[in-house]
Amino acid sequence: MNKTQIASRPQKSSPARAKAQCACGAVAVEIAAPAQWAWHDHSGATRRAHGAAYATYVGTWRSRFRFVRGEECLARYEEPDTGAVRRFCARCGTPMLYERKRAPNNVNIPRALFSAGVGREPRYHIAIDELRDWAYLGEKLKPLKGFPGVVWSGGRRKRV
(Lines give C-alpha, C1' and ligand atoms only; values in the text may rest on other atoms or scores of the structure.)
Protein backbone atom coordinates (compact mmCIF):
# COMPACT_ATOMS: atom_id res chain seq x y z
CA MET A 1 0.00 0.00 0.00
CA ASN A 2 1.18 3.47 -0.73
CA LYS A 3 0.50 6.64 1.33
CA THR A 4 -2.45 7.66 -0.87
CA GLN A 5 -4.21 4.33 -0.32
CA ILE A 6 -3.68 4.52 3.45
CA ALA A 7 -4.97 8.13 3.62
CA SER A 8 -8.11 7.29 1.62
CA ARG A 9 -9.26 4.53 3.98
CA PRO A 10 -12.49 5.44 5.77
CA GLN A 11 -11.85 6.50 9.33
CA LYS A 12 -13.56 4.52 12.05
CA SER A 13 -15.98 6.94 13.70
CA SER A 14 -16.52 7.23 17.42
CA PRO A 15 -19.90 6.10 18.70
CA ALA A 16 -22.50 8.78 19.33
CA ARG A 17 -22.60 10.01 22.92
CA ALA A 18 -25.71 10.53 25.05
CA LYS A 19 -25.32 13.05 27.87
CA ALA A 20 -27.11 13.21 31.22
CA GLN A 21 -26.86 15.52 34.20
CA CYS A 22 -28.34 16.15 37.63
CA ALA A 23 -30.85 18.95 38.36
CA CYS A 24 -28.19 21.45 39.49
CA GLY A 25 -25.69 20.51 36.76
CA ALA A 26 -22.87 19.66 39.18
CA VAL A 27 -22.71 16.05 37.93
CA ALA A 28 -22.70 15.17 34.25
CA VAL A 29 -22.12 11.79 32.61
CA GLU A 30 -22.20 10.38 29.12
CA ILE A 31 -22.56 6.98 27.54
CA ALA A 32 -21.85 5.61 24.10
CA ALA A 33 -25.15 5.35 22.23
CA PRO A 34 -27.06 3.29 21.73
CA ALA A 35 -27.54 2.28 25.35
CA GLN A 36 -27.31 -1.48 25.89
CA TRP A 37 -30.74 -1.86 27.54
CA ALA A 38 -33.63 0.09 29.03
CA TRP A 39 -36.37 -0.86 31.49
CA HIS A 40 -39.01 0.35 33.93
CA ASP A 41 -38.28 -0.60 37.54
CA HIS A 42 -41.36 -0.88 39.78
CA SER A 43 -39.53 -2.24 42.85
CA GLY A 44 -40.09 -0.74 46.27
CA ALA A 45 -36.41 0.21 46.60
CA THR A 46 -36.52 2.19 43.36
CA ARG A 47 -39.88 3.80 44.23
CA ARG A 48 -38.42 5.07 47.49
CA ALA A 49 -35.10 6.17 45.92
CA HIS A 50 -36.91 8.22 43.26
CA GLY A 51 -40.05 9.18 45.15
CA ALA A 52 -42.13 7.99 42.19
CA ALA A 53 -44.34 5.11 41.07
CA TYR A 54 -41.44 3.69 39.09
CA ALA A 55 -38.18 4.76 37.45
CA THR A 56 -37.01 4.14 33.92
CA TYR A 57 -33.33 3.26 33.56
CA VAL A 58 -30.94 2.91 30.67
CA GLY A 59 -27.90 0.75 31.14
CA THR A 60 -24.51 0.45 29.56
CA TRP A 61 -21.24 -1.34 30.00
CA ARG A 62 -18.91 0.51 32.37
CA SER A 63 -16.37 0.76 29.51
CA ARG A 64 -18.92 2.83 27.51
CA PHE A 65 -19.62 5.22 30.43
CA ARG A 66 -17.69 8.24 31.65
CA PHE A 67 -18.03 11.19 33.99
CA VAL A 68 -17.93 14.56 32.24
CA ARG A 69 -17.79 16.39 35.58
CA GLY A 70 -18.70 16.13 39.23
CA GLU A 71 -17.83 12.57 40.25
CA GLU A 72 -16.58 14.05 43.54
CA CYS A 73 -20.08 15.52 44.13
CA LEU A 74 -21.70 12.10 44.38
CA ALA A 75 -22.94 10.57 47.63
CA ARG A 76 -23.31 6.80 47.89
CA TYR A 77 -25.89 4.50 49.44
CA GLU A 78 -25.57 0.70 49.51
CA GLU A 79 -28.76 -1.31 49.93
CA PRO A 80 -28.17 -3.70 52.85
CA ASP A 81 -30.25 -6.57 51.43
CA THR A 82 -28.90 -6.63 47.87
CA GLY A 83 -25.58 -4.80 47.96
CA ALA A 84 -26.81 -2.60 45.10
CA VAL A 85 -25.26 0.88 45.13
CA ARG A 86 -27.21 4.03 44.37
CA ARG A 87 -25.27 7.23 43.84
CA PHE A 88 -26.85 10.66 43.84
CA CYS A 89 -25.77 14.29 43.64
CA ALA A 90 -24.92 15.48 47.15
CA ARG A 91 -25.88 19.05 46.19
CA CYS A 92 -29.36 18.61 44.68
CA GLY A 93 -30.23 14.99 45.55
CA THR A 94 -30.79 13.79 41.97
CA PRO A 95 -30.43 9.97 41.68
CA MET A 96 -27.59 9.47 39.18
CA LEU A 97 -26.40 5.85 39.12
CA TYR A 98 -27.68 2.42 40.05
CA GLU A 99 -25.09 -0.35 40.19
CA ARG A 100 -25.93 -3.96 40.99
CA LYS A 101 -23.48 -6.09 42.93
CA ARG A 102 -24.12 -9.08 40.65
CA ALA A 103 -23.27 -7.02 37.53
CA PRO A 104 -20.07 -5.08 38.34
CA ASN A 105 -19.39 -4.21 34.69
CA ASN A 106 -22.72 -2.42 34.21
CA VAL A 107 -23.90 1.09 35.03
CA ASN A 108 -27.57 2.14 35.02
CA ILE A 109 -28.69 5.76 34.75
CA PRO A 110 -32.22 7.17 35.14
CA ARG A 111 -33.57 7.83 31.62
CA ALA A 112 -35.07 11.18 32.68
CA LEU A 113 -31.58 12.67 33.15
CA PHE A 114 -30.71 12.47 29.44
CA SER A 115 -31.34 15.58 27.36
CA ALA A 116 -31.80 13.61 24.12
CA GLY A 117 -32.34 10.06 22.89
CA VAL A 118 -30.20 7.16 24.03
CA GLY A 119 -30.92 4.88 21.08
CA ARG A 120 -32.87 2.33 23.12
CA GLU A 121 -36.52 2.25 24.13
CA PRO A 122 -37.56 0.61 27.42
CA ARG A 123 -39.11 -2.78 26.68
CA TYR A 124 -38.89 -4.47 30.07
CA HIS A 125 -40.66 -4.10 33.42
CA ILE A 126 -38.83 -5.21 36.55
CA ALA A 127 -40.87 -6.10 39.68
CA ILE A 128 -44.19 -5.57 37.87
CA ASP A 129 -45.82 -7.50 40.71
CA GLU A 130 -44.99 -4.48 42.90
CA LEU A 131 -46.89 -2.04 40.63
CA ARG A 132 -48.91 0.36 42.82
CA ASP A 133 -52.64 0.77 42.32
CA TRP A 134 -52.20 4.56 42.30
CA ALA A 135 -49.78 4.61 39.34
CA TYR A 136 -51.05 6.22 36.12
CA LEU A 137 -51.82 3.50 33.61
CA GLY A 138 -53.02 5.54 30.66
CA GLU A 139 -56.64 6.24 31.58
CA LYS A 140 -58.40 8.99 29.64
CA LEU A 141 -57.68 12.50 30.95
CA LYS A 142 -59.35 15.84 30.36
CA PRO A 143 -58.33 19.46 31.05
CA LEU A 144 -59.08 20.80 34.52
CA LYS A 145 -61.04 24.01 34.02
CA GLY A 146 -59.22 27.11 35.26
CA PHE A 147 -55.83 25.38 35.52
CA PRO A 148 -53.91 25.55 32.21
CA GLY A 149 -51.63 22.57 31.65
CA VAL A 150 -53.39 20.44 34.28
CA VAL A 151 -55.41 17.38 33.31
CA TRP A 152 -57.38 14.97 35.46
CA SER A 153 -59.34 11.77 35.25
CA GLY A 154 -62.62 13.44 36.20
CA GLY A 155 -63.67 12.02 39.54
CA ARG A 156 -66.84 9.97 39.63
CA ARG A 157 -69.80 11.61 41.34
CA LYS A 158 -72.06 9.37 43.33
CA ARG A 159 -75.74 10.16 43.09
CA VAL A 160 -77.62 9.89 46.33
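**Exercise 1. The open sheet**

Task: In what order do the three strands of the open sheet stand, and which are the edge strands?

Solution.
- Step 1. In this predicted model, three strands make an open sheet, and their order is β1-β2-β5. The pairing is antiparallel.
- Step 2. β1 (16-21) and β5 (65-69) are the edge strands, since each pairs on one side only.
- Step 3. From one strand to the next, the twist averages 30 degrees.
- Step 4. Look at one pair. Six bridges join β1 to strand β2 (residues 28-33), in the antiparallel sense. Take R17: its bridge partner in β2 is A32.
- Background: strands of a sheet pair through backbone hydrogen bonds, either parallel or antiparallel.

**Exercise 2. A salt bridge between β1 and β2**

Task: Which residue forms a salt bridge with E30, and what parts does the pair tie together?

Solution.
- Step 1. Find the partner. E30 forms a salt bridge with R17, and the closest N and O atoms are 3.2 Å apart. The cut-off is 4 Å.
- Step 2. Place both residues. E30 lies in strand β2 and R17 in strand β1, so the pair ties together parts that are 13 residues apart in sequence.
- Step 3. Check the cover. Buried means under 20% relative accessible area. E30 has 6%, so E30 is buried. R17 has 34% and is partly exposed.
- Step 4. Widen the view. R17, K19, E30 and R66 are linked in a network of salt bridges.

**Exercise 3. Two further salt bridges**

Task: How many salt bridges does a search of the whole structure find? Then describe R62 with E99, and R86 with E79.

Solution.
- Step 1. The search finds seven salt bridges.
- Step 2. R62 forms one with E99; their closest N and O atoms are 3.1 Å apart. R62 sits in the loop between β4 and β5, and E99 in strand β8 (residues 95-99), so this pair ties together parts that are 37 residues apart in sequence.
- Step 3. R62 is partly exposed at 33% relative accessibility. E99 is buried at 11%.
- Step 4. R86 and E79 meet through their side chains in a salt bridge of 2.6 Å, N to O. R86 is buried at 8%. E79 is buried too, at 10%.
- Background: side chains of opposite charge can pair when their charged atoms come close.

**Exercise 4. Strand β4**

Task: Is strand β4 mostly covered or mostly uncovered? Which strands pair with β4?

Solution.
- Step 1. Strand β4 (residues 55-61) is mostly covered: six of its seven residues are buried.
- Step 2. Strand β3 (residues 37-41) pairs with β4 in the antiparallel sense, over five bridges. H40 stands opposite T56 in β4.
- Step 3. Strand β9 (residues 106-110) also pairs with β4 in the antiparallel sense, over five bridges. Here V58 has I109 in β9 as its bridge partner.

**Exercise 5. The whole chain and its surface**

Task: How many helices and strands are in the protein chain, and which residues make the nonpolar surface patch?

Solution.
- Step 1. The protein chain has two helices and 12 strands. From the N terminus, the elements run α-β-β-β-α-β-β-β-β-β-β-β-β-β.
- Step 2. Of the 160 residues, 36% are buried.
- Step 3. The chain exposes about 11,200 Å², and carbon and sulfur atoms supply 52% of this area.
- Step 4. Y136, L141 and V151 make a nonpolar surface patch of about 290 Å². V151 belongs to strand β12 (residues 151-152). V151 counts as partly exposed, at 47% relative accessibility.

How values were computed: Residues are numbered from 1 along each chain as its sequence is written. This is a predicted model: local features need pLDDT of at least 70, side-chain atom pairs count only at pLDDT 80 or more; totals for chains, interfaces and linings use all residues. Side-chain values use heavy atoms; hydrogens and water are left out. Two strands pair if DSSP finds at least two bridges between them. Helices (H or I, at least four residues) and strands (E, at least two) are DSSP runs, numbered from the N terminus. Axes are lines fitted to C-alpha atoms, for helices over the stretch in contact, and angles run from 0 to 180 degrees between N-to-C directions. Patches are made of residues with over 30% relative accessible area and no salt bridge: like charges are joined within 9 Å, nonpolar side chains (Val, Leu, Ile, Met, Phe, Trp, Tyr) within 5 Å. Accessible areas come from the Shrake-Rupley method with a 1.4 Å probe; for residues, only the protein chains shown count as cover. Buried means under 20% relative accessible area, exposed over 50%, partly exposed in between (1.4 Å probe, protein chains only).
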